[in-house]
Every structure is written in structure tokens, then in C-alpha cells.
Amino acid sequence: MAPAPHYAAAPAREPAAPPDPPVRLQREISLLSGICLIVGNMIGSGIFVSPKGVLLHSASYGLALAVWALGGLFSVFGALCYAELGTTVTKSGASYAYILEAFGGLAAFVRLWASLLIIEPTSQAVIALTFASYMVQPVFPSCAGPYAAHRLLAAVCICLLTFVNCAYVKWGTRVQDVSTYAKLLALLGVIVAGIVRLAQGHSEHFADPFAGSSLAVGDLALALYSALFSYSGWDTLNFVTEEIKDPERWVLSPSLPHGSAPTACPMDLPPLSRDRSHPPACPMDLPPLSRDR
């Protein structure tokens, strides 16, 4: 009888290594930092520059205030739409992510290309140059500052903020928080000064607030554009949706996620309050508001 065949024992299999966790952004932006991110971007250099354009093209204080209110209404609608999109498409990237989901890669790439090469650089350049102008002006109170000084200071500001945001998210949020508080204090100072002037009886510019209003379509469009430039920034939080801590906790209603609910409507108040108190100290016939300049 033939012996039974002998089979060697199979080697023990090593347990499979667990799959690597997916690469994700760290959630380090709290609710307060998210609100400060929106407020800090909306209350930027534009809010200190745009009033001249609104007054220049509307040609009256009453129409200027109406333009500010209309721009604020448009911004609220836009913020609410983006809040709904931020809840539905929980990806960072804002408009790029939403266009990618809705229309595919080509349209999203074109939007991203235009944003990176045209829209964002020009906006940041305007903001940085405005900051540099305000920083240089006290050094040259009686004349315009050197051309190179404005450009160099603006370039240093952009490079410094780029490094801070690239190095650590927490550094960027802290800088954003501090700058937000500083800008709110500056706006509060302008508003309080205007209220004091009104209390002193300087209200002659509101006797007939719509006198001389320009109703030309081009002037109204330019005035509204200046106001909307000042309100821009309500979509900022959607660029960092994946970096928000516990975003589900901050959903106050189906269409008000994250920090959009606390900031959508109240953000209309600083520009309106500022420009309500601005006319007593800035009559329409001053040279800076002349149409010949």
C-alpha cells in the first residue's frame, strides 16, 4: 500500500496593512474665526475707498444711500445662495467646486483660470495699494507720497500675508481676527464722528437729499458697482469649507450654515451707518468729488 502524500503546511499569511487615510485639510477654523473671515474680507480697503465712487456717480446723498441699500440687498441674496450651496456641496473652492459639480471640468477650469490670473490678483492689488496709500500718507501729509513707496509697501504686504497663510492656518486666522477688530474700530470712529457732527446741527445736506441726482444708466451702474465692490467678500468662507470645525453644529437653518447666518444681514449696517454719517463732513461740492477729477 502506497504511503499517503505529505503536503507542507502553507505559510501563515501576514495581515494586510490598513489603507492609508485619505489626505484631508485640517479643520482648524472655528465659528468665531469663520465670522471674522467674512467680516474681515467684506470690511476691507474697499469700504474706505468706494464711498467716493458712489457719491461721484449718484451726485446726491439720498441716491447714494439708496445705492448702498440696494448693493447690500444684492449681497444678502448672494450670501444666502452661497450658504445653501455650502451646505449642499461640502467642498472647499467656492465657485470652482460648484461649477465643477454642475457643469464639469472644462467650465470649472476656465473659472479657476480667470480667478487666479485676473480676478483675484487685481483685487488684491487694489487692496494692497489702498493699504499702502493710507500708510504712506501720514509721512507726506502735504503732498502725494513717492510712487515707488506705494508699490514697494504693497508688494511687501502681499508677500508677508502670503507667507503667513501658507505657513500655518492658525497664523492666518489670528491675523484675520486682529485686522477685523482694527477695521471695525476704525469704522466705529468714522460713524461716531459723523453722529457727533449731526448732533451739532450739521444736517444741511439732508434738507433735500435727492437734489441733483444723476439718473443716467451709466452713472447708476458705476455707483452700484462701487457699492458692490465694497460689499464683496461674502463668499469667502465657502473657499475653506473643509477647514471649518464641526460645520454641522453651526447650521442654524437649512439655508444658513457656518458663519453666514450671523453675518449676512448685519454686514449691511456698517456701510449704511458710515455713509449716513459721512455727508456732514464731506459736502458734495468738495474738489475730490468733482466730476472734472
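These legends describe close-up views of a predicted model.

**Figure 1. The whole chain is built from helices and has no strands.**
The chain holds 10 helices and zero strands. Read along the sequence, the pattern is α-α-α-α-α-α-α-α-α-α. Of the 293 residues, 35% are buried. Take the contacts between residues at least 6 apart in sequence: 79% of them join residues at least 24 apart. The accessible surface comes to about 17700 Å². Carbon and sulfur atoms account for 69% of that surface.

**Figure 2. Ser 50 sits in helix α2 and touches residues far along the sequence.**
Helix α2 covers residues 46-58, and Ser 50 is part of this helix. Is Ser 50 buried or exposed? Its relative accessibility is 5%, so Ser 50 counts as buried; the cut-off for buried is under 20%. Set aside the neighbours within four places in sequence. Ser 50 is then in contact with Trp 68, Ser 226, Phe 229 and Ser 230. Look at Ser 230 in particular. Ser 50 and Ser 230 are 180 residues apart in sequence. In space, their C-alpha atoms are 6.1 Å apart.

**Figure 3. Trp 68 and Tyr 231 form an aromatic pair.**
The count of aromatic pairs in the model comes to three. How are the rings of Trp 68 and Tyr 231 arranged? Their centres are 5.8 Å apart and their planes meet at 70°, so the pair is edge-to-face. An angle over 60 degrees counts as edge-to-face. This pair links distant parts of the chain. Trp 68 belongs to helix α3 (residues 61-88), and Tyr 231 belongs to helix α8 (residues 217-231). The two residues are 163 residues apart. Trp 68 is buried, because its relative accessibility is 1%. Tyr 231 is also buried, with a relative accessible area of 1%.

**Figure 4. Tyr 82 and Tyr 98 pair edge-to-face.**
The ring centres of Tyr 82 and Tyr 98 lie 5.6 Å apart. Their planes are at 80°, so this pair is edge-to-face. Which helices does the pair link? Tyr 82 is in helix α3, and Tyr 98 is in helix α4 (residues 95-103). The two are 16 residues apart. Both residues have little accessible area: Tyr 82 counts as buried at 16% relative accessibility, and Tyr 98 counts as buried at 9%. Trp 234 joins the picture too. Tyr 82, Tyr 98 and Trp 234 form one aromatic cluster.

**Figure 5. Lys 91 and Glu 101 form a salt bridge.**
How many salt bridges does a search of the whole structure find? The search finds one. In it, Lys 91 is bonded as a salt bridge with Glu 101, and the closest N and O atoms are 2.7 Å apart. Lys 91 lies in the loop between α3 and α4. Glu 101 lies in helix α4. They are 10 residues apart. Lys 91 is partly exposed, with a relative accessible area of 38%. Glu 101 is partly exposed as well, at 45%.

**Figure 6. Lys 183 is a buried lysine in helix α7.**
Helix α7 spans residues 169-199 and includes Lys 183. The relative accessibility of Lys 183 is 19%, so Lys 183 counts as buried. The cut-off is under 20%. Which residues touch Lys 183, leaving aside its neighbours within four places in sequence? They are Gly 40, Ile 43, Gly 44 and Phe 48.

**Figure 7. A nonpolar patch lies on the surface.**
The patch is made of Leu 106, Phe 109, Val 110, Leu 112, Trp 113, Leu 116, Leu 117, Ile 118 and Ile 119. Together these residues have about 910 Å² of accessible area. Leu 117 is one of them. Leu 117 is found in helix α5 (residues 105-136). Its relative accessible area is 54%, so Leu 117 counts as exposed.

**Figure 8. Thr 87 and Thr 241 are 9.1 Å apart in space.**
Thr 87 is found in helix α3. Thr 87 counts as partly exposed, because its relative accessibility is 32%. In sequence, Thr 87 and Thr 241 are 154 residues apart. The distance of 9.1 Å runs from C-alpha to C-alpha.

Terms used. Residues numbered from 1 in each chain as written. Predicted model: local features only at pLDDT ≥ 70, side-chain atom pairs only at ≥ 80, totals over all residues. Heavy atoms only, no water. Helix = DSSP H or I, 4+ residues; strand = E, 2+ residues; numbered from the N terminus. Buried < 20%, exposed > 50% of the residue type's maximum accessible area, 1.4 Å probe, protein only. Contact = heavy atoms within 4.5 Å. Areas by Shrake-Rupley, 256 points an atom, 1.4 Å probe, with all protein chains shown as cover. Phe/Tyr/Trp six-rings, centres within 6.5 Å; stacked < 30°, edge-to-face > 60°. Patch = residues over 30% accessible without salt bridge, like charges linked within 9 Å, V, L, I, M, F, W, Y side chains within 5 Å. Salt bridge = Lys/Arg side-chain N within 4 Å of Asp/Glu carboxyl O.
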